[in-house]
Amino acid sequence: MRGVPVSALIGFFFTAAYFLGAIFAPLVAPYGLAEVVGDVWEPASRTHLLGTDSIGRDLLTRMIYGGRTTIFIATMATLLSFVTGSVLGFLAAVLGGWMDQVMSRLVDLLMSIPTLIFALVVLSVMPVTIPVLIVVMGLLDSTRVYRLARAVAVDINVMDFVEAARLRGEGRGWVIFREILPNALSPLVAEMGLRFIFAVLFVSTLSFLGLGVQPPAADWGGIVKENKDGIVYGIPAALVPAFAIATLAISVNLVADWVLNRTTSLKGGRGG
Amino acid sequence: MADPLLKVRDLKIEATAYPPGEPPQDITIVEGVSFALEKGRVLGLIGESGAGKSTIGLSAMAYGRGGVRITGGEVWVNGRDVLKLGTAGLRRLRGAEVSYVAQSAAAAFNPARKIMDQVIEATIIHGRASRQAAHARAVALFSKLSLPEPETFGDRYPHQVSGGQLQRAMTALALCPEPELVIFDEPTTALDVTTQIDVLAAIKDAIRDTGVAALYITHDLAVVAQVSDDIMVLQGGHQVEYGTAEQIINAPREDYTRALVSVRSIRHEEKQPGGDPVLEVSNVTARYKGTKFDVLHDVSVALDAGQTLAVVGESGSGKSTLARVITGLLPPAHGQIAFAGRRLSPDLAGRTRDDLREVQMIYQMADVAMNPRQTVGTIIGRPLQFYFGHRGAEKRRRVTELLEKIELGTGYIDRYPAELSGGQKQRVCIARALAAEPRMIICDEVTSALDPLVADGILKLLLDLQKIENVAYLFITHDLATVRAIADSIAVMYQGRVVRYGTKSQVLSPPFDDYTDLLLSSVPEMKLGWLEEVIAHRKMESAGH
């Protein structure tokens with residue numbers, strides 16, 4: 001780990017803390033998820049480090065379990081959007097011609113509808129379960145990844161080394177995964193850090209609106225929703241998830257920045 | 001000796017390098033360079049890429065490009081040390097007393113503004129002349145530089161004139177404020193030879209008539225010999241030799257200078273035609289999709305086994321398009337291509353794997369012809385695996401053999417392209433082509449991005465490999481010196497047609513057609529006074545007609 005900049009180390013530390021907290025939630029959390037352990041909106045104390053929520057559950061416990069749901073959904077949705085978006089984007093760039101036109105115009109069509117409204121419509125007719133949430137979020141987000149992947153791949157596709165591979169008789173699979181993908185990884189990784197945070201915000205928004213994770217399961221958007229009335233009385237419970245989202249966003253992007261720097265400088269990158 | 005216009009003493013220039021995985025470190029780019037330039041004289045700075053010649057040239061304006069810092073020495077212009085000038089002083093100096101002509105005029109002009117506005121801009125900003133006077137001076141310069149319709153030339157936009165004209169317009173831009181020193185940074189490198197000679201003559205006349213002093217930066221010694229009074233040879237940021245042009249060309253003292261002067265001295269005995277033809281291109285006409293303009297008209301050439309056919313022409317003559325047609329990237333509209341007696345499918349998809357294996361390609365820009373994320377071993381090994389199914393240790397052994405063939409150590413097998421020099425990259429590309437055991441290799445301007453000495457090495461290697469492997473080359477180039485060095489037969493292309501075709505001795509001996517004559521006489525020769533001879537000869541001929 002020598003030579004890793006301080007910013008990346010900080011990012012690593014907090015990202016790891018959030019992810020470990022999420023994975024080992026039942027071991028880390030001091031109380032049960034739906035356990036009522038005190039009065040409504042108790043202030044922070046030795047027994048309840050972040051106080052209690054609107055019906056007297058331990059807020060720290062809710063945050064840890066909520067992080068688990070939020071991070072899990074966001075991660076899976078991001079992965080889904082990257083796999084579908086980049087594979088389709090590369091394919092469009094390599095195929096070109098009318099296939100590219102059809103795919104790109106379809107994506108334009110999807111992007112012309114505001115994502116949140118589209119998601120709300122779909123989720124109001126579908127049963128709201130976690131797999132459905134992941135698929136809806138992942139597919140909607142993949143349109144953004146598609147655009148980026150296609151733009152990057154179109155640039156790489158005209159390079160002489162891709163032409164050399166084509167003249168050798170290589171198939172599309174080799175061209176996409178061995179010639180284009182390694183050179184497109186840097187911008188995609190940078191985008192992934194950003195997209196993950198958008199996914200966290202998106203799932204929180206949906207939960208806040210009541211179409212995301214359903215009670216009694218916790219997630220960060222849901223915690224804001226349950227505690228929002230407290231703000232009027234000066235109870236900060238609703239702000240805790242906001243703080244968590246902010247720190248997670250910053251730390252994930254610190255790591256993404258470092259990965260980006262490393263992959264571009266290592267081996268000289270594309271065109272130096 | 002009176003105070004010279006420009007005096008540089010013990011110049012030292014540094015930059016900061018950022019090697020991956022290590023802390024940044026300062027590297028010295030130029031060290032211990034001293035010279036003097038008097039009014040009305042021209043000093044040529046010559047060296048390979050990375051020799052620091054542009055950096056030294058720009059130091060006359062006290063300017064360091066992209067993180068480059070002038071850390072030591074003195075640069076005196078008109079009796080002032082410009083390194084000690086403040087921002088205001090430098091602003092008065094640059095563009096007024098000292099001006100600059102960049103390599104690529106096309107990139108240096110703002111495409112959205114008329115040429116005249118850009119040519120007189122610096123003159124007006126510096127208050128060297130009123131708008132009317134600057135305008136008049138620009139028109140006079142246009143006519144001195146033999147630009148067409150000097151009165152209205154400035155009303156055009158940069159995209160409406162040719163590359164050679166734009167380069168001359170840039171010279172007018174630099175001369176318009178009546179500077180005392182002009183820095184020419186490779187002003188003709190990006191031009192075709194037939195255009196280069198006109199620009200060169202125009203620049204030389206303009207320098208003589210205006211009495212301006214000039215620094216002329218180039219990597220081409222034959223070019224610099226035509227315009228300079230003195231020449232400084234640079235290598236790796238150090239001055240190798242500094243003397244009059246005559247002394248450097250006729251009596252070089254240092255080994256490195258001697259190597260530069262005698263570059264392109266490869267001679268190769270022309271092989272007699274005969275043997276089996278590998279490639280026969282018959283009556284090919286081609287156009288790009290969606291255009292109505294034929295890029296190739298009725299082109300027919302043939303190439304015998306183990307021989308070299310050079311396809312020569314200026315940019316836009318269709319020579320690279322011919323390569324695309326042969327490889328199947330651009331199916332021809334008419335005509336056919338036969339390879340070793342069998343007819344090739346016009347498009348790539350219809351060719352068998354063996355068809356593809358037997359025609360390999362080497363590109364001009366080696367750095368974009370290799371995937372930057374693959375090691376040398378992967379790059380060379382892939383054709384071995386793809387065509388012959390070699391894997392593991394067997395593949396590695398073959399790669400090692402190929403690396404030895406291209407005179408690159410076997411230690412390079414795990415390196416990435418970015419860790420290689422330009423010449424080494426081109427060698428790896430040659431090895432990749434050889435790995436397929438082809439019968440023919442298409443070489444598309446393979447040496448034109450390389451320094452002359454490195455290019456010579458590549459040509460020698462190609463010739464040696466031809467003897468061993470009996471591979472035929474289709475050699476596309478605009479450089480006649482290269483053609484003389486390696487070709488067995490030559491096809492001269494002009495505007496999509498083959499205007500002259502035959503063995504090397506046939507094509508290069510008189511009587512010439514007009515275009516071949518123009519092309520041949522435009523190649524700079526390594527002797528003083530060549531430019532004047534050619535220009536005088538051409539004037540006489542046109543007077544005779």
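**Exercise 1. List the order of elements in chain A from the N terminus, and give the number of helices and strands.**

Step 1: walking from the N terminus, chain A reads α-α-α-α-α-α-α-α-α-α. Helices here are DSSP runs of H or I with at least four residues, strands are runs of E with at least two, and both are numbered from the N terminus.

Step 2: the tally for chain A is 10 helices and 0 strands.

Step 3: a word on the ground rules. This is a predicted model, where local features need pLDDT of at least 70, side-chain atom pairs count only at pLDDT 80 or more, and totals for chains, interfaces and linings use all residues. Residues are numbered from 1 along each chain as its sequence is written, while chains are lettered from A and ligands numbered from 1 in the order in which they are written.

Step 4: for the overall dimensions, the C-alpha trace of chain A spans about 75 × 50 × 30 Å along its principal axes. Of its 272 residues, 39% are buried (20 or more other C-beta atoms within 10 Å of the residue's own; 12 or fewer is exposed, in between is partly exposed, with C-beta atoms placed from the backbone).

**Exercise 2. Check the span of helix α3 of chain A, and work out why α3(A) counts as largely enclosed.**

Step 1: α3(A) covers residues 59-95, which is 37 residues. The expected span is 1.5 Å times one less than the number of residues, so that comes to 54 Å for α3(A).

Step 2: the end C-alpha atoms of α3(A) are 52 Å apart, which agrees.

Step 3: 26 of the 37 residues of α3(A) are buried, so the rest of the structure largely encloses the helix.

Step 4: look just past the end of α3(A), and you'll find G96(A) with a positive phi of about 65°.

**Exercise 3. Find the strands that pair with β9 of chain B, and give the sense of each pairing.**

Step 1: start with β9(B) itself, residues 230-235; 5 of its 6 residues are buried.

Step 2: β3(B), residues 42-46, pairs with β9(B) in the parallel sense over 4 bridges. (Pairing takes at least two DSSP bridges between two strands.) Here L43(B) sits opposite D230(B).

Step 3: β10(B), residues 238-244, runs antiparallel to β9(B), with 6 bridges joining them. V233(B) has E241(B) as its bridge partner.

Step 4: the hairpin of β9(B) and β10(B) has 2 residues between the strands, and G236(B) takes a positive phi near 55° there.

**Exercise 4. Give the strand order of the open sheet with 4 strands in chain B, and name its edge strands.**

Step 1: the order is β2-β1-β4-β5 in chain B, with antiparallel pairing.

Step 2: β2 (25-37) and β5 (80-81) of chain B are the edges, each pairing on one side only.

Step 3: β4(B), residues 69-77, meets β5(B) over 2 bridges, and V77(B) stands opposite R80(B).

**Exercise 5. Describe how domain 1 of chain B touches domain 2 of chain B.**

Step 1: the assignment, automatic or from a database, gives domain 1 (6-261) and domain 2 (277-372 + 439-508) in chain B. Their C-alpha centres lie 36 Å apart.

Step 2: 8 residues of domain 1 and 6 of domain 2 of chain B make the contact (C-beta atoms, placed from the backbone, within 7 Å).

Step 3: on the domain 1 side, α8 (193-210) and α11 (255-261) of chain B each give two or more residues.

Step 4: α8(B) has 18 residues and reaches 26 Å from first C-alpha to last, close to the 26 Å expected. Its buried residues include I197(B), L200(B) and I203(B). G211(B) follows α8(B), with a positive phi near 70°.

Note on methods
Two residues are in contact if their C-beta atoms, placed from the backbone, lie within 7 Å.
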